[in-house]
Amino acid sequence: MYALADCNNFYVSCERVFRPDLWNKPVVVLSGNDGCVISRSNEVKALGIQMGTPLYQIQGQVKKHHIACFSSNFSLYGDMSARVMSILRAHTSHIEQYSIDESFITLDHVPAGEQKRYCEQLVREIYQGTGIPVSMGIAPSKTLAKVGSKYAKKYRGYKGACLIDTEDKRRKALAAFPIGDVWGIGRKAHAKLGLANISTALQFADQRELFVRNLLHKPGVLTWRELNGMDCIDTSEIVAKQSITTSRTFARAITTLPLMEQQLANFCDACARKLRMQHSLCTQMLVFAQTSRFRTDLIPCHITQTVNLPVPTSDTRELLSYLLAAFRPCFQEGVEFKRAGVILTHIVPEGSVMADLFEERDRTKDAALQRTIDAIRDKQGRNAVMLGTQLLPDVVYHADHRSPLYTTDLAQILSIRTA
(Lines give C-alpha, C1' and ligand atoms only; values in the text may rest on other atoms or scores of the structure.)
Protein backbone atom coordinates (compact mmCIF):
# COMPACT_ATOMS: atom_id res chain seq x y z
CA MET A 1 0.00 0.00 0.00
CA TYR A 2 1.04 3.56 -0.73
CA ALA A 3 0.33 6.77 1.14
CA LEU A 4 0.60 10.15 -0.54
CA ALA A 5 1.43 12.99 1.85
CA ASP A 6 0.24 16.26 0.31
CA CYS A 7 0.85 19.56 2.11
CA ASN A 8 -2.28 21.71 2.05
CA ASN A 9 -1.92 25.06 0.21
CA PHE A 10 1.78 24.65 0.88
CA TYR A 11 3.23 28.10 0.18
CA VAL A 12 0.39 29.78 2.07
CA SER A 13 0.80 27.34 4.94
CA CYS A 14 4.53 28.12 5.17
CA GLU A 15 3.75 31.82 5.53
CA ARG A 16 1.06 31.16 8.15
CA VAL A 17 3.45 29.15 10.34
CA PHE A 18 5.17 32.42 11.21
CA ARG A 19 2.05 34.56 10.95
CA PRO A 20 -0.57 32.80 13.10
CA ASP A 21 -2.72 35.92 12.90
CA LEU A 22 -3.47 34.92 9.29
CA TRP A 23 -5.06 31.55 10.06
CA ASN A 24 -8.63 31.46 8.70
CA LYS A 25 -7.97 34.68 6.78
CA PRO A 26 -7.52 35.08 2.99
CA VAL A 27 -3.88 34.75 1.90
CA VAL A 28 -2.18 34.51 -1.50
CA VAL A 29 1.43 33.91 -2.54
CA LEU A 30 2.60 35.59 -5.74
CA SER A 31 4.95 34.55 -8.52
CA GLY A 32 8.19 36.32 -9.49
CA ASN A 33 7.89 40.12 -9.67
CA ASP A 34 4.65 39.79 -7.68
CA GLY A 35 2.91 38.98 -10.93
CA CYS A 36 0.37 36.16 -10.53
CA VAL A 37 -1.26 34.09 -7.81
CA ILE A 38 0.55 30.76 -7.34
CA SER A 39 -0.88 29.65 -3.99
CA ARG A 40 -4.25 30.38 -2.36
CA SER A 41 -5.79 29.79 1.02
CA ASN A 42 -9.21 28.15 1.15
CA GLU A 43 -10.71 31.55 1.95
CA VAL A 44 -9.30 32.95 -1.32
CA LYS A 45 -10.55 29.93 -3.27
CA ALA A 46 -14.03 30.61 -1.88
CA LEU A 47 -13.84 34.12 -3.36
CA GLY A 48 -13.45 32.60 -6.84
CA ILE A 49 -9.87 33.77 -7.40
CA GLN A 50 -8.14 31.29 -9.72
CA MET A 51 -4.54 30.10 -9.85
CA GLY A 52 -2.47 32.21 -12.23
CA THR A 53 -4.64 35.30 -11.88
CA PRO A 54 -2.53 38.49 -12.27
CA LEU A 55 -2.37 40.56 -9.09
CA TYR A 56 -3.46 43.75 -10.85
CA GLN A 57 -6.76 42.10 -11.83
CA ILE A 58 -7.77 41.40 -8.22
CA GLN A 59 -6.62 44.60 -6.52
CA GLY A 60 -10.24 45.47 -5.78
CA GLN A 61 -10.84 42.13 -4.04
CA VAL A 62 -7.53 42.41 -2.17
CA LYS A 63 -8.66 45.70 -0.62
CA LYS A 64 -12.28 44.66 -0.09
CA HIS A 65 -11.54 41.34 1.59
CA HIS A 66 -8.22 42.36 3.22
CA ILE A 67 -6.31 39.61 1.42
CA ALA A 68 -2.73 39.22 2.70
CA CYS A 69 -0.27 39.07 -0.22
CA PHE A 70 3.20 37.53 -0.03
CA SER A 71 6.03 37.52 -2.55
CA SER A 72 7.34 34.02 -3.20
CA ASN A 73 10.01 32.99 -0.68
CA PHE A 74 11.41 29.75 -2.08
CA SER A 75 14.27 29.52 0.40
CA LEU A 76 11.71 29.34 3.21
CA TYR A 77 9.46 26.92 1.32
CA GLY A 78 12.34 24.62 0.44
CA ASP A 79 13.51 24.46 4.05
CA MET A 80 9.99 23.80 5.37
CA SER A 81 9.60 21.06 2.75
CA ALA A 82 12.83 19.43 3.95
CA ARG A 83 11.49 19.42 7.51
CA VAL A 84 8.25 17.73 6.47
CA MET A 85 10.13 15.14 4.41
CA SER A 86 12.52 14.39 7.27
CA ILE A 87 9.57 13.42 9.48
CA LEU A 88 8.19 11.19 6.72
CA ARG A 89 11.59 9.51 6.26
CA ALA A 90 11.67 8.65 9.95
CA HIS A 91 8.49 6.61 9.50
CA THR A 92 9.20 4.58 6.37
CA SER A 93 12.01 2.72 4.67
CA HIS A 94 11.02 4.02 1.23
CA ILE A 95 9.97 7.53 0.24
CA GLU A 96 9.60 9.09 -3.23
CA GLN A 97 9.42 12.88 -3.17
CA TYR A 98 7.31 13.84 -6.15
CA SER A 99 7.34 17.64 -5.69
CA ILE A 100 8.17 20.24 -3.07
CA ASP A 101 4.92 19.47 -1.22
CA GLU A 102 4.13 15.84 -2.13
CA SER A 103 5.72 12.50 -1.34
CA PHE A 104 4.75 8.87 -1.69
CA ILE A 105 5.64 6.51 1.15
CA THR A 106 5.16 2.76 1.44
CA LEU A 107 3.15 1.25 4.29
CA ASP A 108 4.24 -2.36 3.96
CA HIS A 109 5.54 -2.28 7.53
CA VAL A 110 2.12 -1.30 8.92
CA PRO A 111 -0.61 -3.97 9.48
CA ALA A 112 -3.57 -3.50 7.11
CA GLY A 113 -6.04 -2.71 9.87
CA GLU A 114 -3.84 0.03 11.35
CA GLN A 115 -2.82 1.98 8.23
CA LYS A 116 -5.43 4.73 8.49
CA ARG A 117 -4.79 5.31 12.20
CA TYR A 118 -1.04 5.27 11.52
CA CYS A 119 -1.38 7.98 8.85
CA GLU A 120 -3.70 10.06 11.04
CA GLN A 121 -1.00 10.06 13.71
CA LEU A 122 1.63 10.96 11.11
CA VAL A 123 -0.49 13.92 9.95
CA ARG A 124 -0.69 15.13 13.56
CA GLU A 125 3.05 14.67 14.10
CA ILE A 126 3.93 16.68 10.97
CA TYR A 127 1.62 19.49 12.04
CA GLN A 128 3.02 19.52 15.57
CA GLY A 129 6.61 19.45 14.30
CA THR A 130 6.37 21.96 11.46
CA GLY A 131 3.00 23.72 11.59
CA ILE A 132 2.20 22.49 8.06
CA PRO A 133 -1.22 20.82 7.58
CA VAL A 134 -0.97 17.61 5.53
CA SER A 135 -3.54 15.36 3.86
CA MET A 136 -2.84 11.70 3.12
CA GLY A 137 -4.40 9.27 0.69
CA ILE A 138 -3.86 5.54 1.22
CA ALA A 139 -4.39 3.03 -1.61
CA PRO A 140 -2.81 0.10 -3.49
CA SER A 141 -1.74 2.39 -6.39
CA LYS A 142 -0.25 5.87 -6.51
CA THR A 143 -3.02 7.37 -8.64
CA LEU A 144 -5.67 6.08 -6.23
CA ALA A 145 -3.61 7.48 -3.35
CA LYS A 146 -3.72 10.88 -5.10
CA VAL A 147 -7.51 10.56 -5.30
CA GLY A 148 -7.65 9.71 -1.61
CA SER A 149 -5.54 12.73 -0.64
CA LYS A 150 -8.00 15.02 -2.42
CA TYR A 151 -10.87 13.64 -0.34
CA ALA A 152 -8.81 13.88 2.85
CA LYS A 153 -8.10 17.52 2.05
CA LYS A 154 -11.74 18.33 1.27
CA TYR A 155 -13.56 16.54 4.12
CA ARG A 156 -12.53 16.97 7.76
CA GLY A 157 -14.27 13.74 8.72
CA TYR A 158 -11.35 11.77 7.33
CA LYS A 159 -9.09 13.31 10.02
CA GLY A 160 -6.40 13.99 7.42
CA ALA A 161 -6.20 10.46 5.96
CA CYS A 162 -8.50 8.76 3.43
CA LEU A 163 -8.16 4.99 2.96
CA ILE A 164 -9.20 3.29 -0.30
CA ASP A 165 -8.65 -0.39 0.38
CA THR A 166 -11.78 -2.14 -0.90
CA GLU A 167 -13.56 -2.39 -4.24
CA ASP A 168 -16.61 -0.62 -2.81
CA LYS A 169 -14.52 2.30 -1.56
CA ARG A 170 -12.68 2.50 -4.88
CA ARG A 171 -15.85 2.72 -6.94
CA LYS A 172 -17.48 5.18 -4.57
CA ALA A 173 -14.41 7.46 -4.61
CA LEU A 174 -14.03 7.39 -8.39
CA ALA A 175 -17.75 7.91 -9.07
CA ALA A 176 -17.60 11.39 -7.53
CA PHE A 177 -14.16 12.31 -8.87
CA PRO A 178 -14.00 14.49 -12.05
CA ILE A 179 -11.90 12.89 -14.78
CA GLY A 180 -10.10 16.18 -15.39
CA ASP A 181 -8.73 16.09 -11.83
CA VAL A 182 -7.15 12.63 -12.18
CA TRP A 183 -3.36 12.58 -11.97
CA GLY A 184 -2.02 11.89 -15.46
CA ILE A 185 -5.04 13.21 -17.37
CA GLY A 186 -3.90 16.37 -19.16
CA ARG A 187 -5.89 18.86 -21.21
CA LYS A 188 -5.70 16.93 -24.46
CA ALA A 189 -6.68 13.64 -22.82
CA HIS A 190 -9.50 15.40 -20.96
CA ALA A 191 -10.85 16.81 -24.23
CA LYS A 192 -10.75 13.38 -25.91
CA LEU A 193 -12.55 11.77 -22.99
CA GLY A 194 -15.14 14.53 -23.04
CA LEU A 195 -15.94 13.72 -26.65
CA ALA A 196 -16.48 10.11 -25.51
CA ASN A 197 -18.93 11.32 -22.81
CA ILE A 198 -16.58 10.30 -20.00
CA SER A 199 -16.77 12.81 -17.15
CA THR A 200 -15.88 10.84 -14.01
CA ALA A 201 -12.90 8.72 -13.01
CA LEU A 202 -15.18 5.69 -12.58
CA GLN A 203 -16.55 5.97 -16.12
CA PHE A 204 -12.96 5.96 -17.36
CA ALA A 205 -11.90 3.07 -15.13
CA ASP A 206 -14.85 0.98 -16.34
CA GLN A 207 -13.80 1.20 -20.01
CA ARG A 208 -12.10 -1.67 -21.77
CA GLU A 209 -8.30 -1.48 -21.96
CA LEU A 210 -8.34 -1.66 -25.77
CA PHE A 211 -10.57 1.42 -25.93
CA VAL A 212 -8.21 3.34 -23.64
CA ARG A 213 -5.12 2.25 -25.58
CA ASN A 214 -6.62 3.38 -28.90
CA LEU A 215 -7.73 6.71 -27.46
CA LEU A 216 -4.89 7.72 -25.10
CA HIS A 217 -2.06 5.27 -25.90
CA LYS A 218 0.35 3.96 -23.24
CA PRO A 219 0.21 6.86 -20.70
CA GLY A 220 -3.59 6.62 -20.63
CA VAL A 221 -3.42 2.85 -20.14
CA LEU A 222 -1.10 3.26 -17.15
CA THR A 223 -3.53 5.71 -15.55
CA TRP A 224 -6.46 3.37 -16.32
CA ARG A 225 -4.68 0.46 -14.68
CA GLU A 226 -3.79 2.54 -11.63
CA LEU A 227 -7.42 3.61 -11.18
CA ASN A 228 -8.31 -0.08 -11.23
CA GLY A 229 -5.92 -0.71 -8.34
CA MET A 230 -2.87 -1.95 -10.29
CA ASP A 231 0.44 -0.43 -9.23
CA CYS A 232 2.33 0.35 -12.44
CA ILE A 233 3.65 3.95 -12.35
CA ASP A 234 7.29 4.57 -11.45
CA THR A 235 7.42 8.14 -10.14
CA SER A 236 11.22 8.19 -10.35
CA GLU A 237 10.87 8.15 -14.13
CA ILE A 238 8.34 10.99 -14.01
CA VAL A 239 10.39 13.18 -11.72
CA ALA A 240 13.50 12.89 -13.91
CA LYS A 241 12.72 15.69 -16.33
CA GLN A 242 13.80 15.68 -19.95
CA SER A 243 14.29 19.43 -19.97
CA ILE A 244 14.91 21.94 -17.18
CA THR A 245 14.09 25.62 -17.52
CA THR A 246 14.70 28.69 -15.38
CA SER A 247 13.51 32.02 -16.78
CA ARG A 248 12.25 35.33 -15.45
CA THR A 249 10.56 38.53 -16.53
CA PHE A 250 12.43 41.47 -15.02
CA ALA A 251 10.77 44.29 -13.11
CA ARG A 252 13.09 46.72 -14.88
CA ALA A 253 14.65 46.17 -18.27
CA ILE A 254 18.32 45.11 -18.38
CA THR A 255 20.53 47.12 -20.72
CA THR A 256 24.08 46.16 -19.63
CA LEU A 257 26.03 42.94 -20.14
CA PRO A 258 27.32 42.51 -16.53
CA LEU A 259 23.82 42.62 -15.10
CA MET A 260 22.50 40.26 -17.75
CA GLU A 261 25.38 37.85 -17.13
CA GLN A 262 24.51 37.88 -13.43
CA GLN A 263 20.93 36.85 -14.19
CA LEU A 264 22.01 34.14 -16.62
CA ALA A 265 24.50 32.83 -14.04
CA ASN A 266 21.70 32.56 -11.48
CA PHE A 267 19.47 30.75 -14.00
CA CYS A 268 22.26 28.38 -15.00
CA ASP A 269 23.06 27.68 -11.35
CA ALA A 270 19.42 26.85 -10.57
CA CYS A 271 19.09 24.56 -13.61
CA ALA A 272 22.34 22.73 -12.87
CA ARG A 273 21.32 22.11 -9.27
CA LYS A 274 18.02 20.55 -10.40
CA LEU A 275 20.00 18.45 -12.86
CA ARG A 276 22.26 17.12 -10.11
CA MET A 277 19.33 16.45 -7.79
CA GLN A 278 17.88 14.00 -10.31
CA HIS A 279 21.35 12.49 -11.00
CA SER A 280 21.38 13.54 -14.65
CA LEU A 281 23.65 15.27 -17.16
CA CYS A 282 22.75 17.48 -20.10
CA THR A 283 24.26 17.51 -23.56
CA GLN A 284 22.64 20.67 -24.88
CA MET A 285 21.45 24.00 -23.54
CA LEU A 286 19.65 27.04 -24.85
CA VAL A 287 20.00 30.62 -23.61
CA PHE A 288 17.63 33.40 -24.63
CA ALA A 289 16.88 37.07 -23.94
CA GLN A 290 14.14 39.22 -25.39
CA THR A 291 12.60 42.67 -25.25
CA SER A 292 9.03 43.23 -24.09
CA ARG A 293 6.43 42.19 -26.63
CA PHE A 294 4.13 44.88 -25.24
CA ARG A 295 6.49 47.79 -26.03
CA THR A 296 5.42 48.88 -29.50
CA ASP A 297 7.73 51.89 -29.27
CA LEU A 298 10.84 49.67 -29.25
CA ILE A 299 12.46 47.65 -32.02
CA PRO A 300 11.97 43.99 -31.03
CA CYS A 301 15.12 42.04 -30.23
CA HIS A 302 15.29 38.34 -29.44
CA ILE A 303 18.54 36.47 -28.75
CA THR A 304 18.50 32.67 -28.87
CA GLN A 305 21.69 30.61 -28.73
CA THR A 306 21.90 26.81 -28.66
CA VAL A 307 25.03 25.25 -27.15
CA ASN A 308 25.99 21.65 -27.86
CA LEU A 309 28.27 20.41 -25.09
CA PRO A 310 31.28 18.29 -26.06
CA VAL A 311 30.82 16.13 -22.92
CA PRO A 312 27.56 15.75 -20.94
CA THR A 313 27.81 17.58 -17.62
CA SER A 314 25.94 18.94 -14.61
CA ASP A 315 28.80 21.13 -13.34
CA THR A 316 27.60 24.73 -12.91
CA ARG A 317 30.97 26.28 -13.72
CA GLU A 318 31.38 24.28 -16.92
CA LEU A 319 27.84 24.99 -18.10
CA LEU A 320 28.17 28.69 -17.37
CA SER A 321 31.48 29.00 -19.26
CA TYR A 322 29.90 27.59 -22.43
CA LEU A 323 26.76 29.64 -21.95
CA LEU A 324 28.52 32.99 -21.59
CA ALA A 325 30.88 32.25 -24.49
CA ALA A 326 27.85 31.75 -26.75
CA PHE A 327 25.79 34.66 -25.40
CA ARG A 328 28.32 37.50 -25.11
CA PRO A 329 28.89 38.09 -28.86
CA CYS A 330 25.12 38.44 -29.41
CA PHE A 331 24.35 40.91 -26.63
CA GLN A 332 23.63 44.51 -27.64
CA GLU A 333 24.36 47.19 -25.06
CA GLY A 334 21.51 49.66 -24.55
CA VAL A 335 18.75 47.34 -25.77
CA GLU A 336 16.05 46.99 -23.10
CA PHE A 337 15.83 43.25 -22.46
CA LYS A 338 12.80 42.40 -20.35
CA ARG A 339 13.02 38.60 -20.16
CA ALA A 340 15.73 35.93 -20.24
CA GLY A 341 16.21 32.29 -19.43
CA VAL A 342 18.24 29.09 -19.63
CA ILE A 343 16.97 25.70 -20.82
CA LEU A 344 18.88 22.44 -20.36
CA THR A 345 17.88 19.72 -22.83
CA HIS A 346 19.00 16.31 -24.14
CA ILE A 347 19.20 15.06 -20.55
CA VAL A 348 20.74 11.65 -19.83
CA PRO A 349 21.33 9.61 -16.64
CA GLU A 350 24.66 10.12 -14.83
CA GLY A 351 25.93 6.60 -15.37
CA SER A 352 25.16 6.39 -19.08
CA VAL A 353 28.10 8.48 -20.35
CA MET A 354 31.44 6.93 -21.26
CA ALA A 355 34.48 8.86 -20.06
CA ASP A 356 36.98 10.26 -22.57
CA LEU A 357 40.45 8.87 -21.84
CA PHE A 358 42.14 11.78 -23.60
CA GLU A 359 40.23 14.61 -21.92
CA GLU A 360 42.47 17.04 -20.02
CA ARG A 361 39.75 18.11 -17.57
CA ASP A 362 39.78 16.18 -14.27
CA ARG A 363 36.06 15.50 -13.90
CA THR A 364 36.53 13.48 -10.71
CA LYS A 365 37.94 16.54 -8.92
CA ASP A 366 35.31 18.81 -10.51
CA ALA A 367 32.53 16.53 -9.27
CA ALA A 368 34.03 16.42 -5.76
CA LEU A 369 34.24 20.23 -5.66
CA GLN A 370 30.65 20.58 -6.86
CA ARG A 371 29.43 18.16 -4.18
CA THR A 372 31.27 20.15 -1.53
CA ILE A 373 29.71 23.40 -2.74
CA ASP A 374 26.24 21.83 -2.72
CA ALA A 375 26.79 20.49 0.80
CA ILE A 376 27.84 23.94 2.08
CA ARG A 377 24.80 25.53 0.46
CA ASP A 378 22.47 22.91 1.91
CA LYS A 379 23.77 23.73 5.37
CA GLN A 380 24.47 27.47 5.18
CA GLY A 381 22.05 28.67 2.49
CA ARG A 382 22.30 28.95 -1.27
CA ASN A 383 24.19 32.27 -1.11
CA ALA A 384 26.96 30.88 1.10
CA VAL A 385 29.03 30.02 -1.98
CA MET A 386 28.53 31.89 -5.26
CA LEU A 387 30.29 32.31 -8.58
CA GLY A 388 31.90 35.67 -9.20
CA THR A 389 29.41 36.43 -11.97
CA GLN A 390 26.56 36.17 -9.45
CA LEU A 391 27.88 38.74 -7.00
CA LEU A 392 26.31 41.91 -8.43
CA PRO A 393 23.35 43.31 -6.43
CA ASP A 394 20.09 41.76 -7.61
CA VAL A 395 17.85 44.73 -8.45
CA VAL A 396 15.70 43.52 -11.31
CA TYR A 397 12.84 41.80 -9.46
CA HIS A 398 9.87 43.02 -7.47
CA ALA A 399 9.45 41.30 -4.11
CA ASP A 400 7.61 43.97 -2.17
CA HIS A 401 5.78 41.49 0.08
CA ARG A 402 8.48 38.91 0.82
CA SER A 403 8.58 37.49 4.32
CA PRO A 404 11.87 37.05 6.23
CA LEU A 405 14.04 33.95 5.85
CA TYR A 406 12.90 32.71 9.24
CA THR A 407 14.61 29.31 9.08
CA THR A 408 17.66 29.80 6.86
CA ASP A 409 19.19 33.14 7.93
CA LEU A 410 20.17 33.79 11.54
CA ALA A 411 19.93 37.54 10.93
CA GLN A 412 16.24 37.13 10.09
CA ILE A 413 15.26 34.60 12.73
CA LEU A 414 11.91 35.25 14.40
CA SER A 415 12.09 37.47 17.48
CA ILE A 416 9.63 36.96 20.32
CA ARG A 417 8.94 39.85 22.65
CA THR A 418 7.42 39.28 26.07
CA ALA A 419 5.38 41.87 27.90
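These exercises, each with a worked solution, explore a predicted model of a protein.

**Exercise 1. Overall build**

Find how many helices and strands the protein has, and decide whether it is as compact as a globular protein of that length.

*Solution.*
- Start with the elements. The protein has 14 helices and 12 strands.
- Next, take the radius of gyration. It is 24 Å, and the globule rule gives 22 Å for 419 residues. The two values are close, so the protein is as compact as a globular protein of that length.
- Now the outer dimensions. Along the principal axes, the C-alpha atoms fill a box of roughly 65 × 65 × 45 Å.
- Then look at burial. Of the 419 residues, 45% count as buried.
- Turn to contacts with a separation of 6 or more. Residues 24 or more positions apart account for 68% of them.
- Finish with the surface. About 22,300 Å² is exposed, and carbon and sulfur atoms supply 54% of that.

**Exercise 2. A helix that falls short**

Work out how the span of helix α10 compares with that of a straight helix, and locate its bend.

*Solution.*
- Identify the helix. α10 covers residues 209-227, which is 19 residues.
- Compare the spans. A straight helix would reach 27 Å at 1.5 Å a residue. The end C-alpha atoms of α10 are only 12 Å apart.
- Locate the bend. α10 bends by about 130 degrees at Leu 216. A proline, Pro 219, follows within four residues.
- List what is buried. Leu 216 is one of the buried residues of α10. Among the others are Val 212, Gly 220, Val 221 and Trp 224.
- Find the cover. The buried residues of α10 are covered by elements including α6 (142-154), α7 (167-175), α8 (187-195) and α9 (201-205).
- Look past the end. Gly 229 follows α10 and has a positive phi, near 90 degrees.

**Exercise 3. A strand with two partners**

Establish whether strand β10 is largely enclosed, and name the strands joined to it by bridges.

*Solution.*
- Count the buried residues. β10 spans residues 280-291, and 10 of its 12 residues are buried. The strand is therefore largely enclosed by the rest of the structure.
- Take one partner. β12 (residues 337-349) is joined to β10 by 11 bridges, and the two run antiparallel.
- Take another. β11 (residues 302-313) is joined to β10 by eight bridges, again antiparallel.
- Now follow one residue to both strands. Ala 289 stands opposite Ala 340 in β12. In β11, the bridge partner of Ala 289 is Ile 303.

**Exercise 4. Three loop residues**

Decide whether Asn 73, His 66 and His 279 are buried or exposed.

*Solution.*
- Begin with Asn 73. It sits in the loop between β4 (68-71) and α4 (74-89).
- Apply the cut-off. Buried means under 20% relative accessible area. Asn 73 has 2%, so it is buried.
- Check its surroundings. Leaving aside neighbours within four places in sequence, Asn 73 is in contact with Glu 15, Arg 402, Ser 403, Pro 404 and Leu 405. Cys 14 is 59 residues from Asn 73 in sequence, with 9.4 Å between their C-alpha atoms.
- Move to His 66, in the loop between α3 (59-65) and β4. Exposed means over 50%. His 66 has a relative accessible area of 67%, so it is exposed.
- Then take His 279, in the loop between α12 (257-277) and β10. At 51% relative accessibility, His 279 counts as exposed.
- Add the backbone angles. His 66 is not a glycine, although its phi is positive, about 55 degrees. His 279 is not a glycine either, and its phi is positive, about 55 degrees.

How values were computed: Residues numbered from 1 in each chain as written. Predicted model: local features only at pLDDT ≥ 70, side-chain atom pairs only at ≥ 80, totals over all residues. Heavy atoms only, no water. Expected span 1.5 Å × (residues − 1). Bend = angle between axes of the 7 residues up to and from the residue. Buried < 20%, exposed > 50% of the residue type's maximum accessible area, 1.4 Å probe, protein only. Contact = heavy atoms within 4.5 Å. Rg over C-alpha atoms; globule rule 2.2 N^0.38 Å. Areas by Shrake-Rupley, 256 points an atom, 1.4 Å probe, with all protein chains shown as cover. Pairing = 2+ DSSP bridges.
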